[in-house]
Amino acid sequence: MKLCLIGYGNVGYGFVRVLLRHGGWLRERFGFAPRIVAVHDLRRGTALSPEGLEPAILAQAWEGNRDLSELGPGGKREAFAVIEESGADVVLELTPTDLRTGEPAASHIRFSLTHKKHVVTTNKGPVALFGKELLALAQENGVKLRFEGTVMAGTPLFSLIDFGIATPIRRVRGILNGTTNFILTKMEAGKTYAEALAEAQRLGYAEADPTADVEGFDALAKILILANLVLDGDLRPADVLREGITKLDPQEVQNAPKEGCRWKLVAEAAREGREVWAKVGPERLPLSDPLAQVGGVLNAITLELDPLGALTLIGPGAGPEVTGHAVLADLLAIHRGLS
Ligand code: HSE
């Protein structure tokens, strides 16, 4: 399987590092040996290599902040030319998220699918805004579009839904933003909002513009993905009620546990008859609520469906390597489907 990476930031680097550590096991266990034949990044340049770029070399280039063109010819090609010339089977769209337009990722994905290349993306913008259209385009072209890393990062939510569930999900409710959950947990322990946000940024949890996290836009994108692609709704961002954590009183966040409660940023969507609704906002949850027990960068989601009742999944919700794991899991799913 030949891979072309578009975007080589935190997530691309995380993916390369996970591949580096577990490539041997994947080859032995599944006969799966992906080869990175192109990497393109607006800031770091481009490298093309039909015989494959070694993950170790790519990781070193990232760590040394070196220009990728030192690793193989790349020049000033645009992403579209790289996708076409790479000869890749799968395009990994790992550019930063733009929740207003979904670009440039949406164009990269459309271009790749129409050129009959599978796409794996962690980019929430295009999936939240154009998910159904892009899935239909993939199907028309006989290729796959997978996006495990868009919601709950490396925690296998969509694999669970795709392969482990046989009846309709009626409601989803969860903590879907790692940065704000991390900030709220640190604030409870006495850190200031600014200190906690700076730490989340340093650990690679936050979006390029952290306003997306703290004002609830990132959680909105995720609940939109679930509302439209899992509950089969037809919602636009403006249909989702949204509030972030910036108006919460720090003293109130710190005191809530003493009163048997905890503040969490909760995202929820449900189908009621023919209608689907979704919302995001801070809630003061009783400690008896499973979501109140999920701290730090962890995310959690409760799915409601017949006859299981409630099914809760908890796992890491942000971070370069855990999101890289989602990319690798999607590639493995494509490989197993292909072989
Ligand atoms: N900024 C996002 C978060 C990254 O904190 O959840 C994962 O989507």
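Reader: How many residues in the lining of the second largest pocket are nonpolar, polar and charged?
Author: The lining has 13 nonpolar, three polar and six charged residues. Here Ala, Val, Leu, Ile, Met, Phe, Trp, Tyr, Cys and Pro count as nonpolar, Asp, Glu, Lys and Arg as charged, and the others, Gly among them, as polar. This is a predicted model: local features need pLDDT of at least 70, side-chain atom pairs need 80 or more, and totals for chains, interfaces and linings use all residues. Residues are numbered from 1 along each chain, and side-chain values use heavy atoms, without hydrogens and water.

Reader: What makes a residue part of that lining?
Author: A lining residue has an atom within 4 Å of a pocket point; a pocket is an open set of points on a 1 Å grid over the protein atoms alone, where a 1.4 Å probe fits, with protein on both sides within 12 Å along at least five of seven lines. The second largest pocket has 22 such residues; Leu135, Leu145, Phe147, Asp162 and Leu229 lie nearest its centre.

Reader: Which helix gives the most to this lining?
Author: Helix 5, with five residues. Helix 5 (124–140), strand 6 (145–146) and helix 6 (157–164) each supply at least two. Helices are DSSP runs (H or I, at least four residues), as are strands (E, at least two), numbered from the N terminus. By an automatic or database domain assignment, domain 1 (2–153 + 320–338) and domain 2 (166–316) each give at least three lining residues.

Reader: Why is Lys124 called a polar contact of the ligand?
Author: A polar contact is a pair of N or O atoms within 3.5 Å. An N or O atom in the Lys124 side chain is 2.8 Å from a ligand oxygen, so the pair qualifies. Asp213 has a polar side-chain atom 2.7 Å from a ligand nitrogen. For Lys222 and a ligand oxygen, the distance is 2.8 Å.

Reader: How much of the ligand does the protein cover?
Author: The protein covers 93% of the 260 Å² of accessible area that the ligand has on its own, by the Shrake-Rupley method with a 1.4 Å probe.

Reader: What makes a residue part of the shell around the ligand?
Author: One of its heavy atoms lies within 4 Å of the ligand. Tyr205, Glu207 and Asp218 are among the surrounding residues. Helix 7 (178–188) and helix 10 (217–229) each supply at least two. By class, the shell has three nonpolar, four polar and five charged residues.

Reader: Which residue is joined to Pro104 by a cis peptide bond?
Author: Glu103, with omega about 0°. Pro104 sits in the loop between strand 4 (90–93) and helix 4 (105–114).

Methods: Polar contact = N/O pair within 3.5 Å; in protein donor to acceptor, adjacent residues only side chain to side chain.
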